[in-house]
Amino acid sequence: MQAVPFLFRSIVDLLIPYRCVKCGIILENEAGLCTSCWPLIPFITKPYCECCGLPFDFNIDEGALCALCSHSPPFFKTARSVFSYCEESKDLILKFKHTDTISSAPLFARWMVRLHEKGENLLCIPVPLHWTRLFMRTYNQAALLAKAMAKYGGWEYSSSYLIRKYRTLSQGNFSKNERIKNVKRAFEVPQKKKKQLLGRKVLLVDDVFTTGATLNACSKVLLKAGVLEVHALTLGRVVSSNQLPLHSVEKAAR
Ligand SMILES: [Zn+2]
Ligand SMILES: [Zn+2]
C-alpha cells in the first residue's frame, strides 16, 4: 500500500527536486538547508529575554528580561524568532517575500512551530497587509506562514480577526520612533469578530521582527478586543546592539 505514495513522491522528486532554501542546491531527502548553508544561519538559542526574545550574549538566569522589557513591557507576552536577520540569513526572507518562492512556507512554518510549546485553543493570526498592497503583491507572506503553522501545530487559523485599516508607509527607512507612529492606529479587530476572540490565546505571525512596533501595535488591538494573551512568532529578528526603547506606545493594559 506504501508503493503508490512512494512512486508518486519519486516522480515529484524528479520533476520538482528538493532544494536548499539558501543556495538552491538539490537536496536528497527533504527541503531545508544544505550542510554548507546550515552553519551560516544564526539560529537563536537561549539565553534570551523571556519576554521579547532578544538574545543575550552573556549567560544569565532563565526568565531574565532585557532592559527594555523591564522598563516598558510590550503588549505581547512573548516574542520568539527562528534566526537573527543578518547578511547570511536575509536572502531566505527576501526571496520568500519578493520572488514568489512560496514553496518555502511549509519548511519555515515547521521551524516556527517549534518556537511555541503545544497548547490547546491557540489561534494563529497573521500580521495583515492592507488590501491594496495585498492586491499588488498577490499574497501575504505572514498569512502563508501562519496558515502552515496552524496546520503543523493543529491550531486554528484566521486572517479575518485582524485587519489593516490604513495603508501605512513602508517601514523600511523609518527610525524606531517613526515606525511606532506609523503603525499606531493602523490595525483593527472588526466589531463582529470580537466575541470570538474573548479569552483566546493568539499566536501572532510575521516574517521579521524589526523593532517590534508592528507586532506591538497588533497585540495592543487584540488585547483590547478581549484576547487573553498574544505570543508573537517570526522567522527572522533584527538584533541590534543599540536598541532604542521600542515599546514606547502606552504601557500594556493587562
Ligand atoms: Zn545551501
Ligand atoms: Zn526584552
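# A tour from helix H6 outwards

Start by selecting residues 141-153, which form helix H6. H6 has 13 residues and spans 18 Å from first C-alpha to last, close to the 18 Å expected at 1.5 Å a residue. That expected span is 1.5 Å times one less than the number of residues. Helices (H or I, at least four residues) and strands (E, at least two) are DSSP runs, numbered from the N terminus.

Before going on, a word about the model. It is a predicted one, in which local features need pLDDT of at least 70 and side-chain atom pairs count only at pLDDT 80 or more, while totals for chains, interfaces and linings use all residues. Residues are numbered from 1 along each chain as its sequence is written, and chains are lettered from A and ligands numbered from 1 in the order in which they are written.

**Stop 1: around H6**

Is H6 mostly covered or mostly open? It is mostly covered, with ten of its 13 residues buried. Here a residue counts as buried if 20 or more other C-beta atoms lie within 10 Å of its own, exposed if 12 or fewer, and partly exposed in between, with C-beta atoms placed from the backbone. Colour the buried ones, among them Leu144, Leu145, Ala148 and Met149. Now show what covers them: helix H3 (90-98), helix H4 (105-113) and strands E2 (122-126), E3 (156-157), E6 (201-209) and E7 (229-237) are included. Just past the end of H6, click on Gly154, which has a positive phi of about 75 degrees.

**Stop 2: the sheet**

Zoom out for a moment. The chain holds nine helices and seven strands, and 36% of its 254 residues are buried. Contacts (C-beta atoms, placed from the backbone, within 7 Å) can be sorted by sequence separation. Of those with a separation of 6 or more, 72% are between residues 24 or more positions apart.

Next, select the strands of the open five-stranded sheet. What is their order? It is E1-E7-E6-E2-E3, with parallel pairing. Strand E1 (78-84) and E3 are the edges, each pairing on one side only. Two strands pair if DSSP finds at least two bridges between them. At the E1 edge, six bridges join E1 to E7 in parallel, and Ser81 sits opposite Thr234 of E7.

Helix H9 (residues 213-224) packs on this sheet and touches E1, E6 and E7. The direction of H9 makes about 165 degrees with that of E6; axes are lines fitted to C-alpha atoms, for helices over the stretch in contact, and angles run from 0 to 180 degrees between N-to-C directions. H9 has twelve residues and reaches 17 Å, close to the 16 Å expected. Eleven of those twelve residues are buried, including Leu215, Cys218 and Leu222. Just after H9, Gly226 takes a positive phi of about 115 degrees.

**Stop 3: strand E2**

Move to E2, where five of the five residues are buried, so the strand is largely enclosed by the rest of the structure. Turn on its side chains: Leu122, Cys124 and Pro126 point one way, Leu123 and Ile125 the other. In a regular strand, side chains alternate between the two faces of the sheet. E2 pairs with E6 in the parallel sense over five bridges, and Ile125 has Leu204 as its bridge partner there. Two bridges link E2 to E3, also in parallel, with Leu123 opposite Glu156.

**Stop 4: the nonpolar core**

Select Met112, Cys124, Leu145, Met149, Leu204, Val205 and Leu222: of the 58 residues in the largest nonpolar core, they touch the most other members. Such a core is a set of buried Ala, Val, Leu, Ile, Met, Phe, Trp, Tyr and Cys residues joined through C-beta atoms within 7 Å. Which element gives the most to this core? H6 does, with eight residues. Cys124 is a good residue to centre on: leaving out residues up to four places away in sequence, Cys124 touches Ala146, Met149, Ala150, Trp155, Glu156, Tyr157, Leu203 and Val205.

**Last stops: Tyr157 and Pro47**

From Cys124, step to Tyr157 in strand E3. Tyr157 is partly exposed, with 19 other C-beta atoms within 10 Å. Draw a C-alpha to C-alpha distance to Ala146: the two are eleven residues apart in sequence and 7.0 Å apart in space.

Finally, find Pro47 in the loop between helix H1 (3-15) and H2. A cis peptide bond joins Lys46 to Pro47, with omega about 5 degrees. Most peptide bonds are trans.

Technical notes. Contact = placed C-beta atoms within 7 Å.
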